[in-house]
Amino acid sequence: MKLNGPFLFILATLMIDAIGIGIVFPIMPDLMDRVGASSTAEGAFWGGVMMSAYAAAMFLFGPIVGSLSDAYGRKPVLIAALVTLTIDYVIMAMAQTYWVLLVGRVVAGMAGATYITATAYIADIAKPEERGAAFGMIGAAFGIGFVLGPAMGGMASGWHVTAPFWIAAGLSALNVAFGLFVLPESLKPENRRPFGRRDLNPFGTIIRAFVIPGLAIPLICIFVFEFANMVYPTLWAFWGREVFGWDGFTIGLTLSGYGVLIAGVQAGILPQLTRRLDDFKTLKIATVAAVIAMVGFGGTSAVWAVVVFLPIAALSDMAPPLMTAFAANRVGEDQQGLVQGVIASLSSVAAVAAPLAMTGVFERFVNGEGLYLPGAPFLFGAILIVAIVPLIWRMNRH
């Protein structure tokens, strides 16, 4: 797929979105102190509530935003979402109380069209056989953003605790201007569908998506894979400290390295594999890599194993964009926004539920009251992925 102006805008949008998320990570403790947290533990708790509120808003409004883009076009919904995010960052920069911050994150979750509508836009302009590689480029843009975001946030926090928010707002505003000039509408009027009352019910929208012939299997696989893969952002820091005694710098260094590897895999290896093999064979490679990496991390206590298994874990990140392509290829142009909205909602459910499950497993196996196995959450993730292997194999037959 050619890197033309619209495609570059979509990649820039998603990279800036990832930067905006990651840029606040380094300032979260100071930000919670600023709005009244009395201790680190209290700040961590309320920071977790903010993350869950964002994911919950994405779950509830994701299908609605996707359906709006199916009815009114991708460009107006995408630009409106970017404007909303710009305003949201300004609100968070000026917030003096926790509740204003919380409302800001909810609004950002509601404006999740930056991801939902962007992926629907890619589905509109890419040929079916190009969608896997194109969605992989989206993953690469996110990977680069997650590498740059924390680094920019750490540097900007030296100026002021709210400086990262102002930077994120500025980047979003510049991207709005970029999109207004270079982004054409991708959804033709004849491919649109009316927006009705039933589109306001996210649960009904998800159910409708699951009954579309051939769509239930990729949706189930996406949800389970995303759930299992949440073990990395949820527990990497705690696992690294428990097993290796890593400090914050080492944890951040390994996470940045992981982000670089993901970007390289998504932008370089994934397009090559899908071109030389096909989407399904590449998906099988990614699935096997996921199981190998999680079993490896689950059973290791040696630093050298991290170096070996981290690139394999990055290969496993080819699976979500390929599964997304399988889902996109099962519906018409008038339902791409709906499908991407449902995928975003399912990913949000995983983002809310998986941390609770993974940290529960971790606590159970490191509390000193039974078998000591700090890598148990990774093994749990491997079991989940093995469980959906029969469904992944069935996707090719559909």
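This dialogue works through aromatic ring pairs and one surface patch.

Student: What kind of model is this, and how are residues numbered?

Tutor: This is a predicted model, in which local features need pLDDT of at least 70 and side-chain atom pairs count only at pLDDT 80 or more, while totals for chains, interfaces and linings use all residues. Residues are numbered from 1 along each chain as its sequence is written, and side-chain values use heavy atoms, with hydrogens and water left out.

Student: How many aromatic pairs does the structure hold?

Tutor: A pair of aromatic rings is described by the distance of the centres and the angle of the planes. Rings of Phe, Tyr and Trp (its six-membered ring) pair if their centres lie within 6.5 Å, and planes under 30 degrees apart count as stacked, over 60 as edge-to-face and the rest as tilted. The structure holds 15 such pairs; among them is the tilted pair of Tyr 232 and Tyr 258, at 5.6 Å centre to centre with 40 degrees between the planes.

Student: Why is the pair of Trp 236 and Phe 297 edge-to-face?

Tutor: Their ring planes stand at 90 degrees, with the centres 5.3 Å apart, so this pair is edge-to-face. Both Trp 236 and Phe 297 are buried (under 20% relative accessible area, against over 50% for exposed and in between for partly exposed, with a 1.4 Å probe and protein chains only).

Student: Is Val 83 buried or partly exposed?

Tutor: Val 83 counts as partly exposed because its relative accessibility is 34%.
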